[in-house]
Amino acid sequence: ADGINVETKNMYLDLKFGDTAAKIGQQTMKDGLYEGIAYFDDFSGVTVSHKIGDTTLGAHYAKVDEGNDIYPPRAYGLSGKSDWDDTDFYTFQAMHKFSDSFTMQGSVTFVDENDYDGSDSATSDLFFYGPRFDFSTGNFNIDGFLVMQSGGVEYDNSYAPGTKDPDYEGFVL
């Protein structure tokens, strides 16, 4: 949130109607399922959740960065920003409570990062996805998750001549 608009920590509208809730504005967003490994920061965005019986569905959208400044922009005859030089992320998650002792969740996050300075470009697509579970019985509790990461960068010919497009893969258990 800081750096896109006015320097603001948190400023949002919190809405609730029945089993649906939404938060719109500059807010702290955390992936929730993976202890902040995928993201945990202040963003301008929207968070929505809806409960259907024992299932809760959720989604986040955030504008992480609105444009990359070109230095010096006037030298290129440009304003310093374009319509295709921002970073957004989208998260979809579901949680189901099977019983008082067993809950399972899943999540997919897509990070879309674009960089265009008027003459060349690079696009980075990154995914975080995986399950989380919580099981308890008596005094015993086990809580775990698996986060997988995949994606890559695609350069155009002028961005980095001779550079191969890298791919990303990783996981945390």
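Met 104 lies in strand β6, which spans residues 102-116. In this predicted model, Met 104 is partly exposed, with a relative accessible area of 34%. Met 104 belongs to a nonpolar patch on the surface. The other members are Phe 98, Phe 133, Phe 135, Phe 140 and Ile 142. Together the six residues have about 540 Å² of accessible area. Two strands, β7 (121-137) and β8 (140-145), each supply at least two residues of the patch. A patch member must have over 30% relative accessible area. Met 104, at 34%, is therefore above that cut-off.

Nonpolar residues also gather in the interior. The largest nonpolar core has 13 residues. Five of them touch the most other members: Met 29, Tyr 39, Phe 43, Phe 89 and Phe 128. Tyr 39 has contacts outside its own stretch of sequence as well. Residues up to four places away are not counted here. Tyr 39 then touches Met 29, Lys 30, Asp 31, His 60, Phe 89, Thr 91 and Thr 109. Two of these partners, Met 29 and Phe 89, are named with Tyr 39 among the core residues that touch the most other members.

His 60 is one of the residues in contact with Tyr 39. His 60 lies in strand β4, a run of residues 55-65. The residue is buried, with a relative accessible area of 10%. The side chains of His 60 and Tyr 39 make a polar contact of 2.6 Å. With residues up to four places away in sequence set aside, His 60 also touches Met 29, Lys 30, Val 46, Thr 47, Phe 89, Tyr 90, Thr 91 and Gln 93.

Thr 91 appears in the contact lists of both Tyr 39 and His 60. Thr 91 is placed in strand β5, residues 87-99. At 1% relative accessibility, Thr 91 counts as buried. A polar contact of 2.9 Å joins its side chain to that of Thr 109. Beyond four places in sequence, Thr 91 touches Tyr 39, Gly 58, Ala 59, His 60, Ser 107, Val 108 and Thr 109.

Asp 112 lies in strand β6, the strand that also holds Met 104. Unlike the partly exposed Met 104, Asp 112 counts as buried, at 17% relative accessibility. Asp 112 and Thr 87 are 25 residues apart in sequence. Their C-alpha atoms are 5.6 Å apart in space. Apart from neighbours within four places in sequence, Asp 112 is in contact with Asp 86, Thr 87, Asp 88, Thr 123, Ser 124 and Asp 125.

Asp 88 also takes part in a salt bridge, with Lys 63. The closest N and O atoms of this pair are 2.8 Å apart. Lys 63 lies in strand β4 and Asp 88 in strand β5, so the pair ties together parts that are 25 residues apart in sequence. Both partners are buried: Lys 63 has 17% relative accessibility, and Asp 88 has a relative accessible area of 6%.

The structure holds four salt bridges. Another of them joins Glu 35 to Arg 132, with the closest N and O atoms 2.9 Å apart. Glu 35 lies in the loop between β2 and β3 and Arg 132 in strand β7, so this pair ties together parts that are 97 residues apart in sequence. The loop runs between β2 (20-30) and β3 (40-52). Glu 35 counts as partly exposed, at 46% relative accessibility. Arg 132 counts as buried, at 8%.

Arg 132 also forms a salt bridge with Asp 143, again with the closest N and O atoms 2.9 Å apart. This pair links distant parts of the chain, with Asp 143 in strand β8, Arg 132 in strand β7, and their positions eleven residues apart in sequence. Asp 143 counts as partly exposed, at 42% relative accessibility. Glu 35, Arg 132 and Asp 143 are thus linked in a network of salt bridges.

The backbone at Glu 35 is also notable. Most residues other than glycine have a negative phi. Glu 35 is not a glycine, yet has a positive phi of about 60°.

Methods:
Residues are numbered from 1 along each chain as its sequence is written. This is a predicted model: local features need pLDDT of at least 70, side-chain atom pairs count only at pLDDT 80 or more; totals for chains, interfaces and linings use all residues. Side-chain values use heavy atoms; hydrogens and water are left out. Patches are made of residues with over 30% relative accessible area and no salt bridge: like charges are joined within 9 Å, nonpolar side chains (Val, Leu, Ile, Met, Phe, Trp, Tyr) within 5 Å. Accessible areas come from the Shrake-Rupley method with a 1.4 Å probe; for residues, only the protein chains shown count as cover. A salt bridge is a side-chain nitrogen of Lys or Arg within 4 Å of a carboxyl oxygen of Asp or Glu. Helices (H or I, at least four residues) and strands (E, at least two) are DSSP runs, numbered from the N terminus. Buried means under 20% relative accessible area, exposed over 50%, partly exposed in between (1.4 Å probe, protein chains only). A nonpolar core is a set of buried Ala, Val, Leu, Ile, Met, Phe, Trp, Tyr and Cys residues joined through side-chain atoms within 4.5 Å. Contact means heavy atoms within 4.5 Å. A polar contact is a pair of N or O atoms within 3.5 Å; within protein, one must be able to donate a hydrogen and the other to accept it, and residues adjacent in sequence count only if both atoms are side-chain atoms.
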